[in-house]
Amino acid sequence: MLAKIHFSPSIYLDPLYVLEENDQILGIIVLSEIMDEEYKHISWLTHSKKNLYIHRLATHPDSWGKGFGQKLMDFAEEFAKKLNFNSIRLDTFSLNKRNQKFYEARGYQKLEDIYFPKQSAAPFHCYELIL
């Protein structure tokens, strides 16, 4: 059973929200209203205004399989709905099949690919969830 869980924004430009329990970090998520340059050529499902972008989602390896990634995504989706965002957009590495299944099970639709050549020759798939 979880103790009190809270999300607190960091001091960075894009808010970093931390999921913690008993002073142990279980996971993080970064939310932004700013569209990165790499996303501008994507044919998104919604107009590019009032969209929330997830740039990072991570959980501590010791906590994998315990639903903390789901909790962080629940938080992001509720946050976006409360602030009347039209959609949530994100990308995930094309070779990370687990993440792709995770987002698709939540209703995110896979769109086009983007590339970060300094990170990998393989593409990153873009996803969007209409709220």
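Let's start in a loop today, with Asn-84, which lies between α1 and β4. Its phi is near 60 degrees, a positive value in a residue other than glycine. Is Asn-84 buried or exposed? With 58% relative accessibility, Asn-84 counts as exposed, because the cut-off for that word is over 50%.

There is another residue of this kind, Lys-50, in the loop that links β2 and β3. Lys-50 also has a phi near 60 degrees, again positive and again not a glycine. Lys-50 has a relative accessibility of 39%, so it counts as partly exposed.

Before going further, a word on what we are looking at. This is a predicted model. The mean pLDDT of the protein is 89, and 89% of the residues reach 70 or more. One stretch to treat with care is residues 1-6, where pLDDT stays under 50. For those residues the model has 14 contacts beyond four places in sequence.

Now the overall layout. The protein has 2 helices and 6 strands. If you walk along the sequence, you meet them in the pattern β-β-β-α-β-α-β-β.

How are the strands arranged in the sheet? They form an open sheet of 6 strands in the order β1-β2-β3-β4-β6-β5, and the pairing is mixed. At the edges stand β1, residues 16-21, and β5, residues 109-114. Each of these has a single partner strand, so one side of each is left without a neighbour in the sheet. From one strand to the next, the twist averages 30 degrees.

Let's cross the sheet pair by pair, picking up after β1. β2 and β3 are antiparallel, with 6 bridges between them. If you want a spot to click on, Gly-27 has Thr-59 in β3 as its bridge partner. Next, β3 and β4 run parallel and are joined by 4 bridges. There you can find Leu-52 opposite Ile-88 in β4.

Moving on, β4 pairs with β6 in the antiparallel sense over 7 bridges. Ser-87 stands opposite Ile-130 of β6 in this stretch. Then comes β5, which pairs with β6, residues 124-130, also in the antiparallel sense, over 4 bridges. Here Ile-114 faces Phe-124 in β6 as its opposite residue.

What about the burial of β6? Of its 7 residues, 6 are buried, so β6 is largely enclosed by the rest of the structure.

On to the helices. Helix α1, residues 68-82, lies across β1, β2, β3, β4 and β6. Its direction is at about 165 degrees to β3. Helix α2, residues 97-105, packs on the sheet too, touching β3, β4, β5 and β6. The angle between α2 and β4 is about 165 degrees.

So what sits inside? As background, nonpolar side chains in soluble globular proteins tend to be buried together. In this model, the largest nonpolar core has 21 residues. The members that touch the most others are Ile-29, Leu-31, Ile-54, Met-73, Leu-90, Tyr-103 and Tyr-108. At least two core residues come from each of β1, β2, β3, α1, β4, α2 and β6. Which element gives the most? That is α1, with 6 residues.

Let me zoom in on Ile-29 for a moment. Leaving aside residues up to four places away in sequence, the residues Ile-29 touches include Pro-15, Leu-16, Tyr-17, Ile-54 and Leu-57. Also among them are Leu-72, Met-73, Phe-75 and Ala-76.

There is a second, separate core as well, made of 8 residues. Its members include Tyr-39, Ile-42, Trp-44 and Ile-114. You have met Ile-114 already, as the residue opposite Phe-124.

A few totals to finish. Of the 131 residues, 40% count as buried. The protein exposes about 8,000 Å², with carbon and sulfur atoms supplying 53% of that area. And looking at contacts between residues at least 6 apart in sequence, 57% join residues at least 24 apart.

If you take one picture back to the bench, take this one: an open sheet of 6 strands, with α1 lying across five named strands, β1, β2, β3, β4 and β6, and α2 packed on the sheet as well. Thanks, everyone!

Definitions and conventions: Residues are numbered from 1 along each chain as its sequence is written. This is a predicted model: local features need pLDDT of at least 70, side-chain atom pairs count only at pLDDT 80 or more; totals for chains, interfaces and linings use all residues. Side-chain values use heavy atoms; hydrogens and water are left out. Two strands pair if DSSP finds at least two bridges between them. Axes are lines fitted to C-alpha atoms, for helices over the stretch in contact, and angles run from 0 to 180 degrees between N-to-C directions. Contact means heavy atoms within 4.5 Å. pLDDT is the predictor's confidence in each residue, from 0 to 100. Buried means under 20% relative accessible area, exposed over 50%, partly exposed in between (1.4 Å probe, protein chains only). Accessible areas come from the Shrake-Rupley method with a 1.4 Å probe; for residues, only the protein chains shown count as cover. A nonpolar core is a set of buried Ala, Val, Leu, Ile, Met, Phe, Trp, Tyr and Cys residues joined through side-chain atoms within 4.5 Å.
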